[in-house]
Amino acid sequence: SSVGFHSRPPPSPQQLPTLVAATHTCRSDLLGLSSTMDDEGDHEFVSEQVNDIVKNAVTKTLGASPYNKERVNAWTNQIIDDTLKELTKLDKPFKYVVTSVIMQKSGSPLHTGLALYWDTKTDGVSCVQVGMDTMDCITTVFAAMI
């Protein structure tokens, strides 16, 4: 059976004039990149808090394991699941999207990029890179206020 995905068309700039374009780059040579809203509070995206959740999920999942291509899918799924579970425990009014990439270290750089069109006063993004001896893990959390 197939699964269908349905989405609304994006709003026009006239409908949501407070939306601004934001662009971030997360490269494997960065320790972390994040975006946070103006004030910290119970209903706001706090990038430091999210970064800690991601780092804990990566450390718990990967530990000191060497790169193993047969385990990458399980590792990325576990990192994403653990991150989402911990984000949900924060009980904040956000929808979350979490991505995770694991790349074996081979001397080649890995560069990723993302562009966002949303309200930076209510939404946030955090990109965390964790480097290990044999691999790099880049995990990105997108948070859109409900």
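How many of the 11 residues of β6 are buried? The count is 9, so β6 is largely enclosed by the rest of the structure. The close-up views below come from a predicted model.

**View 1. The whole protein, before zooming in.** The protein holds 2 helices and 6 strands. Along the sequence they follow the pattern β-β-α-α-β-β-β-β. Of the 146 residues, 38% are buried. The protein exposes about 9200 Å². Carbon and sulfur atoms supply 52% of that area. Among contacts with a separation of 6 or more, 69% link residues 24 or more positions apart.

**View 2. Strand β6 beside β3.** Strand β3 covers residues 94-104. It runs antiparallel to β6, and 11 bridges join the two. One facing pair to find is Val101 and Ile138, with Ile138 on the β6 side.

**View 3. Strand β6 beside β5.** Strand β5 spans residues 124-131. It pairs with β6 in the antiparallel sense, over 8 bridges. A hairpin of 3 residues leads from β5 to β6. Within this pairing, Val128 stands opposite Thr139 of β6.

**View 4. Thr140 and its surroundings.** Thr140 belongs to strand β6, residues 135-145. Is Thr140 buried or exposed? Its relative accessibility is 7%, and buried means under 20%, so Thr140 counts as buried. Leaving out residues up to four places away in sequence, Thr140 touches Val97, Val98 and Thr99. Leu114 is also a contact of Thr140, as are Val125, Ser126 and Cys127. In a regular strand, side chains alternate between the two faces of the sheet.

**View 5. The largest nonpolar core.** This core has 23 residues. Val58, Leu62, Ile79, Leu87, Ile102 and Val141 touch the most other members. The elements giving two or more residues to this core are α1 (47-62), α2 (72-89), β3, β5 and β6. Which element gives the most? It is α1, with 6 residues.

**View 6. Leu62 up close.** Set aside the neighbours of Leu62 within four places in sequence. Leu62 is then in contact with Trp75, Ile79 and Ile102. Met132, Met135 and Cys137 also contact Leu62.

**View 7. A second, separate core.** This core has 5 residues. Among them are Leu114, Leu116, Val125 and Phe142. Two of these names, Leu114 and Val125, appeared in View 4 as contacts of Thr140.

Note on methods. Residues are numbered from 1 along each chain as its sequence is written. This is a predicted model: local features need pLDDT of at least 70, side-chain atom pairs count only at pLDDT 80 or more; totals for chains, interfaces and linings use all residues. Side-chain values use heavy atoms; hydrogens and water are left out. Helices (H or I, at least four residues) and strands (E, at least two) are DSSP runs, numbered from the N terminus. Buried means under 20% relative accessible area, exposed over 50%, partly exposed in between (1.4 Å probe, protein chains only). Contact means heavy atoms within 4.5 Å. Two strands pair if DSSP finds at least two bridges between them. Accessible areas come from the Shrake-Rupley method with a 1.4 Å probe; for residues, only the protein chains shown count as cover. A nonpolar core is a set of buried Ala, Val, Leu, Ile, Met, Phe, Trp, Tyr and Cys residues joined through side-chain atoms within 4.5 Å.
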